[in-house]
Amino acid sequence: MKVAFLLTLTFIIYFKSRCNALSSSCPHPPSQWCSSPKSAAQCGVLQRCLHANLTRSHQAAEAVQLAVYYESLCPDCIMYLTQVLYPTWVLLRDILSVQLVAFGNAQETPSGSKYVFKCQHGEQECLGNMIQTCLLNMSDNAFLIIFCMEASTDVIAAAKICVHLYSPDLSWQRLMSCVTGDVGNQLLHQNALRTEALDPPHQSVPWVTINGEHTDDLQKKATTSLFPLVCSIYKGIKPVVCGGGGQRHREI
């Protein structure tokens with residue numbers, strides 16, 4: 001199959017400076033250098049045109065959208081987050097977008113302008129859900145902090161040191177202001193609304209949606225073979241770790 005080559009302004013500017021040097025062997029104007037493999041080879045720019053096409057293809061394809069509805073102290077959730085989701089995200093973070101929604105089987109009751117939450121695994125789980133929900137709203141490294149917490153023997157006790165390790169600019173006092181204040185209360189309420197709006201309704205946790213969709217088959221694959229599932233769903237050029245010829249994953 002003929003490879004489609006895309007010309008970018010960057011390459012026009014870059015290659016224009018080489019035009020004179022290539023004019024004797026390149027029969028095409030700069031605007032046509034990447035028009036076909038043959039012209040690119042004749043003008044000595046094949047690898048650069050390939051790279052431009054690869055980069056454009058990666059940018060054009062949307063990342064796989066994975067949403068996980070979970071509880072911070074749920075044993076099955078902890079296992080999924082630490083043993084399945086996090087390793088997959090490390091390898092596929094260029095093509096995988098993860099959304100974490102901490103609420104699960106909790107319940108909320110209106111109390112004035114706020115909500116009172118009751119969690120399946122007790123008050124400590126409500127605290128863990130609130131801490132992680134605030135983190136997702138306050139730190140770019142929230143996923144790393146949450147993994148650090150969930151991988152610890154005491155999820156709640158580990159929160160402070162995990163925040164210090166992965167988001168040292170975020171003070172514990174500022175985080176707890178969110179956790180105990182109106183902002184955290186409303187953020188967790190939004191998690192409750194998102195969980196309640198699931199279609200079909202969640203029957204267990206962790207509950208997974210892929211690109212906004214949930215089926216029994218997707219749930220099974222997402223919990224037992226997430227890595228190959230993401231590789232198979234991604235519509236762009238497969239990265240190297242998926243067995244494709246794309247770019248390697250970024251360093252953490």
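**Group meeting: helix H6, two cores and a surface patch**

Let me begin with helix H6, whose buried residues are Glu-125, Cys-126, Gly-128, Asn-129, Met-130, Ile-131, Gln-132, Thr-133, Cys-134 and Leu-135. I should say at once that this is a predicted model, and what follows should be heard with that in mind. H6 runs over residues 123–138, and because a helix is expected to span 1.5 Å a residue, its 16 residues should cover 22 Å, which agrees with the 22 Å between its end C-alpha atoms.

Stepping back to the whole protein chain, we have 12 helices and 5 strands, and of its 252 residues 42% are buried. Among the contacts with a separation of 6 or more, 66% are made by residues 24 or more positions apart. The chain exposes about 13700 Å², of which carbon and sulfur atoms supply 53%.

Now to the interior. In soluble globular proteins, nonpolar side chains tend to be buried together. Here the largest nonpolar core has 32 residues, and the ones with the most contacts inside it are Leu-66, Tyr-70, Tyr-80, Leu-85, Leu-100 and Leu-226. Several elements each supply at least two residues of this core, including strand E1 (64–70), strand E2 (96–102), helix H7 (142–150) and helix H12 (226–233), while H5 gives the most, with 9 residues. If we take Leu-100 and leave aside its neighbours within four places in sequence, it is in contact with Val-68, Tyr-70, Leu-81, Leu-85, Leu-136, Phe-143 and Ile-146. There is also a second, separate core of 25 residues, which includes Ile-131, Cys-134, Met-149 and Val-179; two of these, Ile-131 and Cys-134, are among the buried residues of H6 that I listed at the start.

Which part of the chain holds Leu-170? Leu-170 lies in the loop between H8 and helix H9 (172–180), and because its relative accessibility is 5%, it counts as buried. Beyond its neighbours within four places in sequence, Leu-170 is in contact with Leu-135, Met-138, Ser-139, Val-163 and Leu-175. Leu-170 and Leu-135 are 35 residues apart in sequence, yet their C-alpha atoms are 9.4 Å apart in space.

Finally, the surface. Ile-161, Leu-165 and Tyr-166 form a nonpolar patch there, with about 280 Å² of accessible area together. Ile-161 sits in helix H8, residues 159–166. Is Ile-161 buried, partly exposed or exposed? Its relative accessibility is 45%, and since the partly exposed class lies between 20% and 50%, Ile-161 counts as partly exposed.

Conventions: Residues numbered from 1 in each chain as written. Predicted model: local features only at pLDDT ≥ 70, side-chain atom pairs only at ≥ 80, totals over all residues. Heavy atoms only, no water. Patch = residues over 30% accessible without salt bridge, like charges linked within 9 Å, V, L, I, M, F, W, Y side chains within 5 Å. Areas by Shrake-Rupley, 256 points an atom, 1.4 Å probe, with all protein chains shown as cover. Salt bridge = Lys/Arg side-chain N within 4 Å of Asp/Glu carboxyl O. Helix = DSSP H or I, 4+ residues; strand = E, 2+ residues; numbered from the N terminus. Buried < 20%, exposed > 50% of the residue type's maximum accessible area, 1.4 Å probe, protein only. Core = buried A, V, L, I, M, F, W, Y, C linked by side-chain atoms within 4.5 Å. Contact = heavy atoms within 4.5 Å. Expected span 1.5 Å × (residues − 1).
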